[in-house]
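Biologist: I would like a close look at one part of this model, the packing of one helix pair. Please set it in the context of the rest of the chain afterwards.

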Amino acid sequence: MGSNSSRISDLPKNEYLKKLSGTQSVSENDPFWNQLLSFSFPAPTSSSELKLLEEATVSVCRSLVENNPRTGNLGALIKVFISRTKELKLSAECQNHIFIWQTHNALFIICCLLKVFICEMSEEELQLHFTYEEKSPGTYGCDSEDLLEELLCCLMQLITDVPLLDITYEISVEAVSTMVVFLSCQLFHKEVLRQSISHKYLMRGRCLPYTSKLVKTLLYNFIRQEKPPPPGAHVFPQQSDGGGLLYGLASGVATGLWTVFTLGGVGSKAAATPELSSPLANQSLLLLLVLANLTDAADAPNPYKQAIMSFKNTQDSSPFPSSIPHAFQINFNSLYTALCEQQTSDQATLLLYTLLHQNGNIRTYMLARTDMENLVLPILEILYHVEERNSHHVYMALIILLILTEDDGFNRSIHEVILKNITWYSERVLTEISLGSLLILVVIRTIQYNMTRTRDKYLHTNCLAALANMSAQFRSLHQYAAQRIISLFSLLSKKHNKVLEQATQSLRGSLSSSDVPLPDYAQDLNVIEEVIRMMLEIINSCLTNSLHHNPNLVYALLYKRDLFEQFRTHPSFQDIMQNIDLVITFFSSRLLQAGAELSVERVLEIIKQGVVALPKDRLKKFPDLKFKYVEEEQPEEFFIPYVWSLVYNSAVGLYWNPQDVQLFTMGAD
């Protein structure tokens, strides 16, 4: 590249890149490297320019692929970078801008080359390109893994040890991005990779001792959400005459190269990326999720997953059990605050799910918080805007609610939190409502959306499971929440009758024409009856456990009492209908005695009085409804494609040609 490079389109013709990828070997001590690494060019401003950068890199890479087995120039470049990183910490302390900038440029070139190499060749071929030793043309040294492993260790040291300052921000982002690229071989395989070079280096050997430190640093990068330095904030001031070469080199960091790392995106999605407030936090979170979802090695569990499962609060002074490897401590309050603030992105929601599901310390801490609304409201907003979210994001939000509702303390406390003016809830003005009632409204809305659009049984099941977990602790339900529970039952009842009618007509038609295949109405009927029974169990659970706390639900039941008539004698619902029928009959009788033309207020007063008079022993006790989230048998088949879809769409400044990517056969929306 060098100081003469001014445009991305010039890169394939650049004399320094030609020398790097050419047929002549360049020693790691050659002054050429200082020239190569002193470059600047106008940054890409669109996805098409990012693609142009990729295409320019590909042409250089293909030449290097052909010539590197004889020249070893890739290895020399990596050695130059590794030797420079040993002085990075000191350079940061001494404010050595030029040294840090050139080291960043070296890593930038390595990342670009590595990305294309991984796409173009097998892991075995890639390893050979990293292992050239000067012996004789075309031969390779016996220490075939050292250089690649050393590069990875060097990146981990850079991420964890170099202080985050204005002058080191960019190289920190690039180090995280390069690790993501190193792991990106998964993108070019349709099947989940269970053994790869990345597993080999990251799960054992020299990289393993950095596990807990790396996970901790990536988490703190996410927590702190450090913004990039403003252009020009960390370089030499411009001279009045335009500056000359020194300014031309230094300004490349601020006004040229840096913008490469704030645009990012793939295809048409690039337009949304400039709004990203912290590229370092974004890349760190993506890398953390990739590491957490690496499959276990044959002889060892994933150490990054172990670290995520076991870390503790900084305020927890109890010793770690000796059986827990890679343990560390982190400030839970800061982590909780960041998770609450960042739930607009898929990756932050996936991190929240991962921590709640896998780390018991985090789960206990969060459930003990007295400000759970700060976490729950963003999750409810994701579900409320289901039409605008991809299905995976909706699933993660829903499973988070399911995990939270497994705790009875949570189910009680959400009805004690009173919210005012929920502006994003547009169906009805909610000037005052409990968090519990709002949660019920949003989950029911999600069920109704699913019934009319996606018709996903898995989503139905999890929504109903969350409602069922909460049902015994329903308290002071908002009148609108009570109405929506009964309205959902009404919708299910109509659907049941429609399917039943279709099944009957189909059966009659089959008697006259035996050649026409019948639709499977029996299966549809089974599914709808399962959902109806679940709704009846939820209503029954509320009536038997907290009838006196929920006059609005009794009111809604009485108002729509005719809905339940057809299910009283139905063999699938007869048992669960006993209590509901008893409550309807008891309160209907009291209303009848009170006379006609009763106001809403008077009806609610009669209900509250009747609750005291209703003998509790007349309500049949059923087992408590309790559903626990259980991860699928092979979760990696879902999570690994999902995580890489997030990297593909959200990684800053990284572009992969959609035609090369093979992973998303199951697809994340």
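Does H11 pass H13 in a left-handed or a right-handed crossing?

Modeller: H11 passes H13 in a left-handed crossing (the near helix turned anticlockwise from the far one by less than a right angle; clockwise would be right-handed). The model is predicted: local features need pLDDT of at least 70 and side-chain atom pairs pLDDT 80 or more, while totals for chains, interfaces and linings use all residues. Residues are numbered from 1 along each chain as its sequence is written, and side-chain values use heavy atoms, without hydrogens or water.

H11 covers residues 211–224 and H13 residues 279–292; helices (H or I, at least four residues) and strands (E, at least two) are DSSP runs numbered from the N terminus. The two helices pack at an angle of about 140°, and their axes are 8 Å apart. Axes are lines fitted to C-alpha atoms, for helices over the stretch in contact, with angles from 0 to 180 degrees between N-to-C directions. H11 is therefore oblique to H13 (under 35 degrees is roughly parallel, over 145 roughly antiparallel, 65 to 115 roughly perpendicular, the rest oblique).

On the H11 side, the contact (heavy atoms within 4.5 Å) is made by Leu-214, Val-215, Leu-218, Leu-219, Asn-221 and Phe-222. H13 contributes Leu-280, Ala-281, Ser-284, Leu-285, Leu-287, Leu-288 and Leu-291. Sorted by type, the residues of this contact are 11 nonpolar, two polar and no charged (Ala, Val, Leu, Ile, Met, Phe, Trp, Tyr, Cys and Pro are nonpolar; Asp, Glu, Lys and Arg charged; the others, Gly among them, polar).

Gln-225 lies in the loop between H11 and helix H12 (244–263). Its phi is near 50°, a positive value in a residue other than glycine. With a relative accessibility of 18%, Gln-225 counts as buried (under 20% relative accessible area; exposed is over 50%, partly exposed in between; 1.4 Å probe, protein chains only). Gln-95 also has a positive phi, near 60°, and sits in the loop between helix H5 (88–93) and helix H6 (97–120). Gln-95 is partly exposed, at a relative accessible area of 42%.

A second helix pair can be set beside the one you asked about. Helix H22 (residues 457–471) and helix H24 (residues 521–546) pack at about 10°, with axes 9 Å apart, and are therefore roughly parallel to each other. From H22, the contact residues include Lys-457, His-460 and Leu-464; from H24, they include Glu-530, Val-531 and Met-534. The contact of H22 with H24 divides into nine nonpolar, four polar and two charged residues.

As for the aromatic residues, a search of the whole structure finds 20 aromatic pairs (Phe, Tyr and Trp rings, the six-membered one for Trp, with centres within 6.5 Å; planes under 30 degrees apart are stacked, over 60 edge-to-face, the rest tilted). Phe-638 and Phe-639 form one that is edge-to-face, 4.9 Å centre to centre with 90° between the planes. Phe-638 and Tyr-642 form a tilted pair, at 5.8 Å and 45°. Phe-638 and Tyr-642 both lie in helix H28 (residues 636–650), four residues apart, about one turn of the helix. Phe-638 and Phe-639 are both buried, and Tyr-642 is buried too. Elsewhere, Phe-311, Phe-328, Phe-332, Tyr-336 and Tyr-365 form one aromatic cluster.

For the protein as a whole, there are 28 helices and four strands. Of its 669 residues, 57% are buried. Among contacts with a separation of 6 or more, 75% are between residues 24 or more positions apart.
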